[in-house]
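Visitor: Hi, I'm new to this one and would like a walk through it. Could you put it up so that we can look at it together?
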Amino acid sequence: MRPRRTHSVMPSIHTSAMGRASSILALAALLAFPATAQEIPDLPPPGLKLPHVVLMSMGGTIASKGEVRLNITNYGGPNMRVEPDEWVADVPEVALVARVTTEDFRAPQAAPGAPYEPGRTYENWYKVARRLQEIAKDPTIDGVVVTHGTNSMADTAWFMNLVVSIEKPVVFVGSQRPWTAMSGDGPLNLYNAIRVAASPDAARKGVLHAMNQNVNAARDVMKMSAYRMETFRSIDSGVMGVADPDVVKFFTEPTRKHTFKSEFNIASLPETLPSVEILYTYVDAPPYVVPALVKAGVKGIVVDGMGAGGVGEYADELKKAQAAGVVVVATARTRSGRVQETPRRTESGIVPGDNLLPEKAKLLLQLALTKTTDAKQIKRFFDEY
């Protein structure tokens, strides 16, 4: 048990009546505040059963160090990583809300100048998903926090949301500033994420994302700012809940299939997923990109369309791709609003991507293609997930 740090201030004794009156008033004002207002809270007493939360590291800014505290944009690299146990040591307050154990799932750092290795990310995703599936069946574990880099965190969380059958809370967290930064957001984000994972109210809600005191669904959350703290938002649906200082509070429930309701379990997935690529629409976009993708062997194409999901100059070549068996999904580059089913889109055979981001539509399409190549059946997945 850590010793309490208290601040005791006693007024000096004055011989004059005015001095005595001042002393009495000062003492009365001091006693009006509870002594605990300036104390570090005690650790829970021995024997108190707290939720068991596994803290799983997948790296990221929150797991990075900078050489100086003002280094908030150029950090990490060899010997500049934060070990999982360091988080627990640096934020001892987590012991107030959960019994935390740590696991390290960071992908190995590539040697300087090493060539890019395709599939490396998915290989690590599979490892994490399988471990989460083990945790789902472990009665000694109540929740999981996964730390991750913010650039692709929403993608990873969405994948886990689709392939891990788990009812326990799984909470992704990261930071916009390295662990060593002045006014870094990592420690409070981590503490709050553990609070969310320890909350029974967070169960059966699918994979969650907790940063900046907001709790979002993995399906809807997106990164919207390169460096600012208020970066992750769910544009159409809003936050699911908050991690306020007094309580973790949820306002909404997910309505789409996820985790324990999903048809895509990690145990049944092939070792490699079907190839799907993303095309971005813009004025004078080159149609020749489509046949190049078909020649390369893609099984699906996500077109991030203009306006409400228009495919623009790609239209004619996409028809040829569909005739060759490629499934096409349309998303909207507006980042808000659904791609709707219209008579023209129905006639085109292009699957509406609902309001998913293109990178999330890509992952759902890859998983859907492990089940079927029928566009009508794939549309069902986009309607339900």
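Visitor: Let me start with one residue: leaving aside its neighbours within four places in sequence, what is V145 in contact with?

Guide: Please keep in mind that this is a predicted model. Once the neighbours within four places in sequence are set aside, V145 is in contact with V53, V54, L55 and M56, with V171 and V173, and also with L190, A193, I194 and A197.

Visitor: And which residues have the most contacts inside the largest nonpolar core?

Guide: V145 is one of them, together with F159, M160, V163 and V196, in a core that has 80 residues. The largest share of this core, eight residues, comes from helix α4. Apart from it lies another core, of 17 residues, which includes A285, L318, V339 and I350. As a general background, nonpolar side chains in soluble globular proteins tend to be buried together.

Visitor: Back to α4 then, how many of its residues are buried?

Guide: Helix α4 covers residues 153-163, and 11 of the 11 are buried, so the helix is largely enclosed by the rest of the structure. Among the buried residues are W158, F159 and M160, but also D155 and N161.

Visitor: What do those buried residues pack against?

Guide: The buried residues of α4 pack against two helices, α3 (120-136) and α9 (358-368), and against two strands, β4 (170-173) and β5 (207-211).

Visitor: Zooming out for a second, how many helices and strands are there, and what share of the residues count as buried?

Guide: The secondary structure comes to 10 helices and 14 strands, and of the 385 residues of the protein, 44% count as buried. If you take the contacts with a separation of 6 or more, residues 24 or more positions apart account for 72% of them.

Visitor: Changing topic to charges, how many salt bridges does the structure hold?

Guide: The structure holds 19 salt bridges. One of these is between E271 and R130, where the closest N and O atoms are 3.1 Å apart. E271 lies in the loop between β10 (248-250) and β11 (276-280) while R130 lies in helix α3, so the pair ties together parts that are 141 residues apart in sequence. E271 is exposed, with a relative accessible area of 59%, whereas R130 counts as partly exposed at 35% relative accessibility.

Visitor: What does R380 form a salt bridge with?

Guide: R380 forms a salt bridge with E263, and the closest N and O atoms are 3.0 Å apart. That pair links distant parts of the chain, since R380 is in helix α10 (residues 375-384) and E263 is in the loop between β10 and β11, 117 residues apart.

Visitor: How far apart in sequence are K379 and D383?

Guide: K379 and D383 both lie in helix α10 and are four residues apart, about one turn of the helix. They form a salt bridge whose closest N and O atoms are 2.8 Å apart. Elsewhere, R219, D220, R256, R338 and D354 are linked in a network of salt bridges.

Visitor: One last residue, R195: is it buried or exposed?

Guide: R195, which lies in helix α5 (residues 186-198), is buried yet has no salt bridge, and the nearest side chain of opposite charge, D246, is 5.9 Å away. A salt bridge would need a side-chain nitrogen within 4 Å of a carboxyl oxygen.

Visitor: Then what does the side chain of R195 reach?

Guide: The side chain of R195 reaches the backbone oxygen of D244 at 2.7 Å. Leaving aside neighbours within four places in sequence, R195 is in contact with several residues, including V97, A243, D244 and P245.

Definitions and conventions:
Residues are numbered from 1 along each chain as its sequence is written. This is a predicted model: local features need pLDDT of at least 70, side-chain atom pairs count only at pLDDT 80 or more; totals for chains, interfaces and linings use all residues. Side-chain values use heavy atoms; hydrogens and water are left out. Buried means under 20% relative accessible area, exposed over 50%, partly exposed in between (1.4 Å probe, protein chains only). Lys and Arg count as positive and Asp and Glu as negative; His and the chain ends are not counted. A polar contact is a pair of N or O atoms within 3.5 Å; within protein, one must be able to donate a hydrogen and the other to accept it, and residues adjacent in sequence count only if both atoms are side-chain atoms. Contact means heavy atoms within 4.5 Å. A nonpolar core is a set of buried Ala, Val, Leu, Ile, Met, Phe, Trp, Tyr and Cys residues joined through side-chain atoms within 4.5 Å.
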